[in-house]
Amino acid sequence: MSAHHAAAVDVRPLQNPLAAWRELEGQVVIMSPEDSVLHELNETASFIWKRANGERCIEEIASELSAEFEVDQATALLDTQALLSELFAKRLLADAGWTRG
Amino acid sequence: MPGGPVASSVMARLVSKSLQRSVPLNVHLDVTYRCNERCVHCYLDHRDHGEMTTAEIKRVLEELAQAGAFFLTVSGGEIFLRPDLSELLAHARALRFDISLKTNALLVDEARARELKAVGVRRVQVSLYSADPQIHDAVTKIPGSLERTLRGIHLLQQQGLLVKLSCPLMRQNVHAYKGVQALADALGVTYTLDPTITPMLDGDRSVVDSRVDSSELLAVFEDPVFNKRLDPRAAPEQAKPLAAEAPHHAGAGLARAFDNIPCSAGQNNVYISPYGDVYPCVQMPLATGNLRKQSFREIWYGSPQMRRVRDSRESMVQICGGCEIKQYCQRCPGLAQMEDGDMMGPSWRACELAELSARVAGIENPVSAYRQLWDEGKIAGKRAPAVGGLVTIAPLAAAQG
């Protein structure tokens, strides 16, 4: 899996349990445990991150995103896949339940 | 999708936001004052006056997380003297804190190092006073302590933990800094050298005798190695909707975020003692409340003392306003309080260090505004008092029995 490959919609993304993170005014910051890099998510990316709890699949997260931010489902799905792929490439998501493309 | 362009620094934006909203982003939590070393410069009373229990600290961590605290430094005393340390760290990690530890690493063994890595501790700062065992052990007063500390560092690094050396500079080790630098290079770790030695929390100034004299410190300041920062990581990455950077790249942006704010104490930084006393900073002995009697929110947002610190601005420090070498000054309001009696006044030690820095920068005979007024006899009685102006000289919980 890389940022250039879309994840399957039935994947249930899970935050890397070693990642430290906090939400401040609707925006999430994440400290990468491996390289001490601080990441900042915008509002929609934060929305997705908070739902990457291993319980929802990508399609479900995209549906919630679509409803919350009033974007069409196809756009929401593409954006969700792109973000999660990027987070995975940066090892901010756990390997569990995730298939490398 | 929403999400405008990202500014230059993730950390600067985070800090700026925390300052605007008074979010306690940085927490320094001492879990014990007990220690297995007896360092000559230490400002702590190592007796146990009633440390918070495991349950109490867990509750405090929960309150801190709710208030938005993120960067948690767990320190002491020696943290590994708390038998519940693993449990506390696991709880903090479950609350998604970014954890740094401060330790002398004497008690680090393979199992403990592995445990720290597994729980998700990100960084371990280890106190080290010299690469020469005679000098280091004379500071700690524990024979063989350097050897044990180095073994601990090795075990931490074996687990892939980020280690940083912390070396306070004092009379006893002032010439050892090059050895510390060489050791850090050999280990592939970062290090800090810091000439700040503070009085003990009970006001006892005997430890201040360990401070390096200005003349001797000048030679250190003139050595470029003193300000070297080792951490050659990649430049900040900029991307949307995710921006990222290594925190140390935030320097200039951070300075702008603070603008007229004297320092982070009580703004986005808080210190909590093993007894639950809350202070704006570990170097500012202004007790603002106790977590056994009040919630963190009550103290952080409601304490008059905390609000007084939070409302202070650098422009209120009248003598310093017109100082010609202000740009070289790193006045610490806490130290100004402890040693000069007023957190919003000048700090004699800061003046000395600013004059040294200015001299190193090529300014001839730099004189701080404070010294100038003193020389003119306009501030008689204010210079480096023997007994500092402590607002509270004992931990609240201990004082209240």
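**Chain B fold, core and backbone outliers**

Student: How many helices and strands are there in chain B?
Tutor: This is a predicted model: local features need pLDDT of at least 70, side-chain atom pairs count only at pLDDT 80 or more, and totals for chains, interfaces and linings use all residues. Residues are numbered from 1 along each chain as its sequence is written, while chains are lettered from A and ligands numbered from 1 in the order written. Helices (H or I, at least four residues) and strands (E, at least two) are DSSP runs, numbered from the N terminus. Chain B has 16 helices and 10 strands.

Student: Which are the edge strands of the open sheet in chain B?
Tutor: Strands pair if DSSP finds at least two bridges between them. The sheet has 9 strands in the order β6-β5-β4-β3-β2-β1-β8-β9-β10, with mixed pairing. Each edge strand pairs on one side only: they are β6 (190-194) and β10 (289-290) of chain B.

Student: Which residue is the bridge partner of S166(B) in β6(B)?
Tutor: Strand β5 (residues 162-168) of chain B runs parallel to β6(B), with 5 bridges joining them. In β6(B), S166(B) is bridged to T192(B).

Student: What share of chain B is buried?
Tutor: Buried means 20 or more other C-beta atoms within 10 Å of a residue's own; 12 or fewer is exposed, and in between is partly exposed, with C-beta atoms placed from the backbone. Chain B has 401 residues, and the buried share is 46%.

Student: Which helix gives the largest share of the largest nonpolar core?
Tutor: A nonpolar core is a set of buried Ala, Val, Leu, Ile, Met, Phe, Trp, Tyr and Cys residues joined through C-beta atoms within 7 Å. The largest has 128 residues; L84(A), L72(B), C167(B) and V180(B) have the most contacts inside it. The largest share, 7 residues, comes from residues 348-360 of chain B, helix α14.

Student: Which residues does L72(B) touch, beyond four places away in sequence?
Tutor: Contact means C-beta atoms, placed from the backbone, within 7 Å. L72(B) touches V27(B), L29(B), A92(B), F97(B), D98(B) and I99(B).

Student: Which residues does the cis peptide bond join?
Tutor: Look in the loop between β2 (71-75) and α3 (85-94) of chain B, where G77(B) lies. Omega is about 20° for the bond joining G76(B) and G77(B).

Student: Is E25(A) buried or exposed?
Tutor: E25(A) lies in the loop between β1 (20-24) and β2 (27-31) of chain A. Its phi is near 50°, positive in a residue other than glycine. Because 12 other C-beta atoms lie within 10 Å, E25(A) is exposed.

Methods:
Two residues are in contact if their C-beta atoms, placed from the backbone, lie within 7 Å.
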